[in-house]
Amino acid sequence: MNPAFSLCVYCGSRPGSDPSYVDLARAVGVWIGSHGGQLVYGGGNNGLMGRMADATLEAGGRVVGIIPQALVDREWAKRDCTELHVVDTMHARKRMMAERADCFLALPGGIGTFEEFFETWTWRQLGYHDKPVGLLNAGGYYDALLAFLEHGVSQGFMGQAQMKLLTVGTEVAPLLAQLVEAAGRSPQNPDFTQI
Ligand code: AMP
């Protein structure tokens, strides 16, 4: 059966220093799985990436992992993904992730997460795609980044039009529902509020 929606999530290959980050990644996976969705992600078994994929599978969702050959060993490719695609390059990975997704979301993470998030956002402003892009600012992790982006606007290097292409939220359920619905898809079990 086709998934109700396909959400591409970028997040840390490390777990972060506070256990709440893993709880957050698991909550995202539970929401995807319990709403009949499919997670598209980088295919690793480490950090937030791996725990989010575990939670999605446990909640009955599909998981599509896409990982370059060079990272298969380093990031411990997650072999129990519903689909695991081993591709040749990072560019092929990012292209396939973008093609398979209805919408995108960044969780807390490091430079890999930042790079993927910014690329997806800039592709949106350039018109390479028209899929919703979200940022989950849980626990204030991205407060400093959002303040810096506003600094970029105030200094004339960015416009509010670009900021409006980004959907920022602090809670898992409302933000994910907003992204999925903006992509024209309907989450199943819309009343599921266990998280
Ligand atoms: P990090 O946020 O640094 O823990 O990385 C999260 C994910 O981003 C991992 O799967 C990395 O392999 C991936 N990543 C790291 N650098 C890049 C990059 N330049 N482009 C795309 N993905 C990357």
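A polar contact is taken here as a pair of N or O atoms within 3.5 Å, and in this predicted model the side chain of Glu-115 meets that cut-off, with one of its N or O atoms 2.8 Å from a nitrogen atom of the ligand. The side chain of Ser-13 likewise places an N or O atom 2.7 Å from an oxygen atom of the ligand, and for the side chain of Lys-94 the corresponding separation, again to a nitrogen atom of the ligand, is 3.4 Å. On its own the ligand has 490 Å² of accessible area, of which the protein covers 81%.

The shell around the ligand is made up of 16 residues, and the closest of these are Ser-13, Glu-75, Gly-110, Thr-113 and Glu-115. Two elements, α4 (90-100) and α5 (111-126), each give two or more residues to this shell, and the largest share, five residues, comes from α5. When the residues of the shell are sorted by class, five are nonpolar, six are polar and five are charged.

The ligand takes up the space of the largest pocket, in which about 640 Å³ of space lies. This pocket is lined by 30 residues, and those closest to its centre are Gly-12, Ser-13, Gly-110, Gly-112 and Thr-113. The elements that each contribute two or more residues to the lining are β1 (6-10), α2 (47-58), α4 and α5, and among the elements α5 gives the most, with five residues. By class, the lining of the largest pocket comprises 14 nonpolar, nine polar and seven charged residues.

Apart from the pocket, enclosed space was also examined. A search of the whole structure for cavities of 30 Å³ or more finds one, and the volume of the largest cavity is about 50 Å³. Its lining consists of Tyr-10, Lys-94, Ala-98, Phe-104, Glu-116, Glu-119, Thr-120 and Trp-123. Lys-94, listed in this lining, is also the residue whose side chain has an N or O atom 3.4 Å from a nitrogen atom of the ligand. Both α4 and α5 give two or more residues to the lining of the largest cavity, with α5 giving the most, four residues. Sorted by class, the residues that line the largest cavity are four nonpolar, one polar and three charged.

Taken together, these results return repeatedly to one helix, α5, which gives the largest share of the shell around the ligand, the most to the lining of the largest pocket and the most to the lining of the largest cavity. The helix α4 is likewise among the elements that give two or more residues to the shell, to the lining of the pocket and to the lining of the cavity.

Technical notes: Residues are numbered from 1 along each chain as its sequence is written. This is a predicted model: local features need pLDDT of at least 70, side-chain atom pairs count only at pLDDT 80 or more; totals for chains, interfaces and linings use all residues. Side-chain values use heavy atoms; hydrogens and water are left out. A residue is near a molecule or strand if one of its heavy atoms lies within 4 Å of it. A polar contact is a pair of N or O atoms within 3.5 Å; within protein, one must be able to donate a hydrogen and the other to accept it, and residues adjacent in sequence count only if both atoms are side-chain atoms. Accessible areas come from the Shrake-Rupley method with a 1.4 Å probe; for residues, only the protein chains shown count as cover. On a 1 Å grid over the protein atoms alone, a cavity is a set of points where a 1.4 Å probe fits but cannot get out, and a pocket is an open set with protein on both sides within 12 Å along at least five of seven lines; lining residues have an atom within 4 Å of a point. A molecule sits in a cavity or pocket if more than half of its atoms lie within 2 Å of its grid points. Ala, Val, Leu, Ile, Met, Phe, Trp, Tyr, Cys and Pro count as nonpolar, Asp, Glu, Lys and Arg as charged, and the others, Gly among them, as polar. Grid points are joined across faces, edges and corners, and a volume is the space filled by probe spheres set on the points.
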